[in-house]
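Colleague: I should be grateful for a close look at one strand and its partners in this model. Please describe how it is paired and covered, and then set beside it a helix and a sheet from the other chain.

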Amino acid sequence: MLTKQVTKEELLIVTAARQIKNGDVVALGIGMPILAGAVAKNTHAPEAVLLMESGIVDFEPCVLPVNVADATCTRGYGYSVDLFSVFTTIAYAGYLDKAFLGVGQIDKYGNLNTSFLGTPPAAQRITAAGGAPEFYAYAKETILTMKGKGFVEKLPYMTSPGYLGGGDEREKSGRYTPGSGPSILITPKGIFKFHPETREMYLDALFPGVGVDEVRADIPWDLKIADPLGSFPVPQDEEIVFLRRLSPVSSFSNTTGKELVMAHIRKQMEEKATGR
Amino acid sequence: MAEYLYNEEALENLRIKDTSVLDRLVDFESAREAHLKKEHAKKDKRMPLDEAIATFVKDGDVITDGGFSYVRTAHQAFYEIIRQGKKNLQMIGAPNTNQSFFITYGLVTHSHSSYTGAEMRGIDKVYDRALKAGRITILSEWSHGGVAQGFKAAQLGVPGLLSKQMLGSDLVRYNPYLKVIQNPLKAVKDPAVFVPALYPDVSIIHCHAADKYGNAYIYGPAVNDLAVAAAARKLIITAEEIVPENDIRYNKHGQIIPFFYADAVVEMPFGALPGSMPGCYYWPRQWWEKCMRFGGSSEENNRIFCDEWILGTKNQYEFIEKLGGARWIAEARRQTKAAEGDNEDIDFSYDEYTLTHDPGRYY
């Protein structure tokens, strides 16, 4: 039995980890996805195959990488392929079950912008495409994570197309592998999913302690809400124990560690303020 | 020179008037010409770094980023290009993270953009500032899969590849090289992107070991480098060590770049610094934090940082001295072994550089 409370970040990571099923081939990215992949691989999904965009396939994270070609990923990795092959012989060919993508901006049909916060070339530039358009086009399912409040009515730039204008527009376009597209968006306020017919994003579950109004405040369109609302998973001890063993001794511990500590302090202060 | 029918919407969106600046990257005829002319014989191609850069990197060249951002990238050779002040360069890569060192000195003036940032350490503010100030022009926007496909087409020896990559993305509307066409064999709607073979002028690839002829061995992910080696008009190999040919032939079972692509072979221990070299040394994390956070904070600070580390050092040995000398080497080796589980100590904690806290050391 764990005595220390599960933090907000830990709950988000476990939620992401649960999206990975045993046996999935999963493309991870730096930050939360790799933590999620590590938790899944070491708990409920030991037969999952973890890969990085840099071409490192079937690796076993025991120290957290800060770069997708980090030396920490080459620990006991199965093999490496070149960048070309990650997207073609693995993803396009049909071997990629899940991909994780970080979101800068998103619209209601899951279209993504990670390039410019305005009309290029003069607009503020963010990190740009990387391999996101390929993973989004080819993975059987894509799991999105977003830290900020990047919901927008209209994207200034579409880096990675999601369900386009909704409905069957993505399928009909003939551009993407059939059945691909985003399945879920996880944010610190909730879990969002996409309606199977309209493909419009809706709120599926609220983060514990967050109200619907707080979610709506970030979203410029009239957000639909699942009825009844789903819920975040309840972390198992083994997941949290593994995560805490992994995170404190990592190269990544400083940012995450601080976030974890800050979240914990904030929570304590909130509790104090509300007299609980 | 051949004529090209570039994607006009992209030319307009990127405000490119004179398209001749785009030609070299896709000019197969001149690439083949360069390959025909270069030394084919199996000769000793060793030379010092400054000579290799002076001989094979010319003003106006299209250069490539290599490795993966800060893993097995030929940073020390890049710094020599900066020290020699090569001008009007274009840069392409997947990722294309290291162009900002050149942009700082106004040397890379044209970018074939893909990913620019430092992952956990944030967005590249140097590039953003240069774009807004008009000191750099974007010639084409890419995804990693797109760039990889262009280099691979060159390696395969085909004019280009039809692929499903980047379809529907605004990247296609901001890339003059890309055209969307219908799959000619399909009766139903099946759009595909024609990605042309890409031929950069010069690539510098840092490897773990090479023989004097240029057979070069890579441990860990090769990323785009095997394709780039074949695609480039000129190739400089920098290697952690120069080994007898026998060693490559009989002992190594990794990924090999064949010698006939290579124009120069440079013995370059610690050539990936300040990046990582898998199996050899881990990167100085505080250095990159300082680069992104202090250098990112203003143009003046960026210049101070780059002047200190790039112009302020003559070679990798002076760079190592600034990082902490023998102590840094020992720690960097311990860390990289720890990262791969080759030693007992996997404590990766370190003293992080922030704008309010400079630990003053790089391990």
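Modeller: I begin with a single pair: Ile184(A) has Lys193(A) as its bridge partner in S10(A). The model is a predicted one, and what follows is to be read accordingly. The pair belongs to the contact between strand S9 (residues 182–187) of chain A and S10(A), which run antiparallel and are joined by four bridges. The connection from S9(A) to S10(A) is a hairpin of two residues.

S10(A) also pairs with strand S11 (residues 201–206) of chain A, again in the antiparallel sense, through five bridges. Within this pairing, Gly190(A) has Leu206(A) in S11(A) as its bridge partner. Here too the link is a hairpin, with six residues between S10(A) and S11(A). In that turn, Arg199(A) adopts a positive phi of about 65 degrees. As for burial, S10(A), which spans residues 190–194, is mostly covered, with four of its five residues buried.

In chain B, helix H12 (residues 299–311) offers a second example of covering. Its buried residues are Asn302(B), Phe305(B), Cys306(B), Trp309(B) and Ile310(B). These residues lie on the same side of H12(B), because they cover an arc of only 100 degrees around its axis. An α-helix has 3.6 residues a turn, so residues three or four places apart point the same way. On the face turned away from the buried side, H12(B) carries the exposed residues Glu300(B), Asp307(B) and Glu308(B). The elements that cover the buried residues of H12(B) include four helices of chain B, namely H5 (75–84), H6 (99–104), H7 (125–132) and H11 (285–297).

The sheet in chain B remains. Three strands form an open, antiparallel sheet in the order S5-S7-S6. Strands S5 (160–163) and S6 (179–182) of chain B are its edges, each pairing on one side only. From one strand to the next, the twist averages 35 degrees. Four bridges hold the antiparallel pairing of S6(B) with strand S7 (residues 191–196) of chain B, and Lys179(B) stands opposite Phe194(B) in S7(B). Helix H8 (residues 144–156) of chain B packs on this sheet, where it touches S5 and S7 of chain B. The direction of H8(B) makes about 60 degrees with that of S7(B).

Methods:
Residues are numbered from 1 along each chain as its sequence is written. Chains are lettered from A and ligands numbered from 1 in the order in which they are written. This is a predicted model: local features need pLDDT of at least 70, side-chain atom pairs count only at pLDDT 80 or more; totals for chains, interfaces and linings use all residues. A residue is buried if 20 or more other C-beta atoms lie within 10 Å of its own, exposed if 12 or fewer, and partly exposed in between; C-beta atoms are placed from the backbone. Two strands pair if DSSP finds at least two bridges between them. The arc is that of the directions from the helix axis to the C-beta atoms. Two residues are in contact if their C-beta atoms, placed from the backbone, lie within 7 Å. Axes are lines fitted to C-alpha atoms, for helices over the stretch in contact, and angles run from 0 to 180 degrees between N-to-C directions.
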